[in-house]
Amino acid sequence: MIQSGQRLVMKFGGTSMGSAERMRVAAQICADAPCPRVVVVSAMSKVTDLLLATLRAAEEGDRQAVAQNIATLAKRHEDVCRELLPADRQPPILAAIATLIYEFERISGGIMMLAERPPRAVDEALAIGERLSATLMAACLEANGIPAVAVNARQVVVTDSIFGNASPLMDLTRERAAKVIHPLLDAGLLPVVTGFNGATHDGKPTTLGRGGSDFSASILASALDATELWIWTDVDGIMSADPRLVPDAAVLDIVTYREAAELAYN
């Protein structure tokens with residue numbers, strides 16, 4: 001149980017960020033949780049796939065597909081913003097969304113000119129999904145009276161330079177967390193950190209591989225000496241098998257670290 005003065009890291013996946021309704025639920029969970037807390041968010045469900053498809057289309061020179069996908073990306077997040085926030089809070093968030101969409105459009109345009117997808121550019125582009133989620137989630141919390149700020153994990157999680165599947169450099173990450181996250185907590189703010197991404201020590205954007213948001217939440221929990229890490233998802237717990245493949249898969253009541261590692265390996 002979290003005690004006074006201890007830290008909690010909470011991670012919300014793509015389904016938890018998938019709509020305005022789900023974001024409101026996540027915000028209420030955050031409001032009910034002990035303080036101080038740090039939130040890590042994934043991109044909205046299916047957004048990373050959309051970003052990847054757009055980058056592939058850009059590499060192939062398919063301008064129409066790129067334009068259509070970017071319009072879809074923008075509309076989905078703008079619609080959520082309008083449903084999620086009171087009218088007077090929408091303009092700055094819509095502007096922030098437009099800035100991030102433009103950033104993705106710029107990277108896509110560069111890939112189209114090159115007719116190839118440099119790994120570093122792909123990592124920078126894919127992180128846009130989490131940055132959009134963090135922007136919306138922080139705004140939702142603020143609208144519900146919880147002071148919050150979106151944080152790009154590129155400022156905090158330091159990795160090696162294996163683009164697309166980077167590994168954390170924990171000593172440097174711990175130092176960055178002390179400089180970036182601790183002051184926000186001390187000021188009474190709830191940091192909403194992007195999952196999945198980080199940067200090399202000299203600032204080159206990286207990602208931690210697909211499914212990397214859970215990993216980045218674990219990295220932050222370690223770097224912040226958190227007492228607990230809560231990973232919120234759309235299933236009841238760790239299961240004996242993939243329920244989509246095994247109809248009688250059951251939730252495991254207790255799982256050791258070794259058992260969890262073996263399940264993940266297999």
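**Exercise 1. Ala 249**

Work out whether Ala 249 is buried or exposed.

Ala 249 has a relative accessible area of 16%, so it counts as buried (buried is under 20% relative accessible area, exposed is over 50%, partly exposed is in between, with a 1.4 Å probe and protein chains only). A word on the ground rules: residues are numbered from 1 along each chain as its sequence is written, and side-chain values use heavy atoms, with hydrogens and water left out. The model is predicted, so local features need pLDDT of at least 70 and side-chain atom pairs count only at pLDDT 80 or more, while totals for chains, interfaces and linings use all residues.

Next, place the residue: Ala 249 sits in the loop between strand 8 and helix 8 (257-265). Here helices (H or I, at least four residues) and strands (E, at least two) are DSSP runs, numbered from the N terminus.

Then look at what surrounds Ala 249. Skipping residues up to four places away in sequence, it touches Met 239, Ser 240, Ala 241 and Pro 243 (contact means heavy atoms within 4.5 Å). Take Met 239: it is ten residues from Ala 249 in sequence, and their C-alpha atoms are 6.3 Å apart.

**Exercise 2. The five-stranded sheet**

Find the strand order of the open sheet of five strands, then describe what packs on it.

Step one: the order reads 3-5-2-1-8, and the pairing is parallel (two strands pair if DSSP finds at least two bridges between them). Strand 3 (148-151) and strand 8 (228-232) are the edges, each pairing on one side only. On average, neighbouring strands here are turned by 20° against each other, direction ignored.

Step two: zoom in on strand 1 (residues 8-12), which runs parallel to strand 8 and is joined to it by five bridges. Met 10 faces Trp 230 across that pairing. Helix 1 (residues 20-32) packs on this sheet, touching strand 1, strand 2 (37-41), strand 5 (190-194) and strand 8, and its direction makes about 170° with that of strand 1. Helix 5 (residues 119-143) packs on the sheet too, touching strand 2, strand 3 and strand 5, at about 160° to the direction of strand 5.

Step three: turn to the other neighbour of strand 1. Strand 1 and strand 2 pair in the parallel sense over five bridges, and there Met 10 has Val 39 as its bridge partner.

Step four: check burial. Five of the five residues of strand 1 are buried. Leu 8, Met 10 and Phe 12 point one way, while Val 9 and Lys 11 point the other. In a regular strand, side chains alternate between the two faces of the sheet.

**Exercise 3. The three-stranded sheet**

Do likewise for the open sheet of three strands: what is its order?

The order is 4-6-7, with mixed pairing. Strand 4 (158-159) and strand 7 (205-207) are its edges, each paired on one side only. Strand 6 (residues 197-200) runs antiparallel to strand 7, with three bridges joining them, and Gly 198 stands opposite Thr 206. Helix 5 turns up again, touching strand 6 and strand 7, with its direction at about 75° to that of strand 7.

Now pick out Glu 130 in helix 5. It is buried because its relative accessible area is 3%. Beyond its neighbours within four places in sequence, Glu 130 has contacts that include Val 41, Thr 48, Phe 196 and Ser 213.

**Exercise 4. Helix 3 and its partners**

Compare how helix 3 (residues 63-84) lies against helix 4 (residues 90-114) and against helix 5.

Start with helix 4. The two axes come within 10 Å and cross at roughly 165° (axes are lines fitted to C-alpha atoms, for helices over the stretch in contact, and angles run from 0 to 180 degrees between N-to-C directions). That makes helix 3 roughly antiparallel to helix 4 (over 145 degrees counts as roughly antiparallel, under 35 as roughly parallel, 65 to 115 as roughly perpendicular and the rest as oblique). The contact residues divide into eleven nonpolar, three polar and four charged (Ala, Val, Leu, Ile, Met, Phe, Trp, Tyr, Cys and Pro count as nonpolar, Asp, Glu, Lys and Arg as charged, and the others, Gly among them, as polar).

Among the helix 4 residues in that contact is Ser 108. Ser 108 is buried, at a relative accessible area of 1%. Apart from neighbours within four places in sequence, it contacts Thr 54, Leu 55, Ala 58 and Val 66.

Finish with helix 5. Its axis and that of helix 3 come within 11 Å and cross at roughly 5°, which makes the two helices roughly parallel. Leu 73, His 77, Val 80, Cys 81 and Leu 84 in helix 3 meet Leu 132, Leu 136 and Cys 140 in helix 5. By class, that gives seven nonpolar, one polar and no charged residues.
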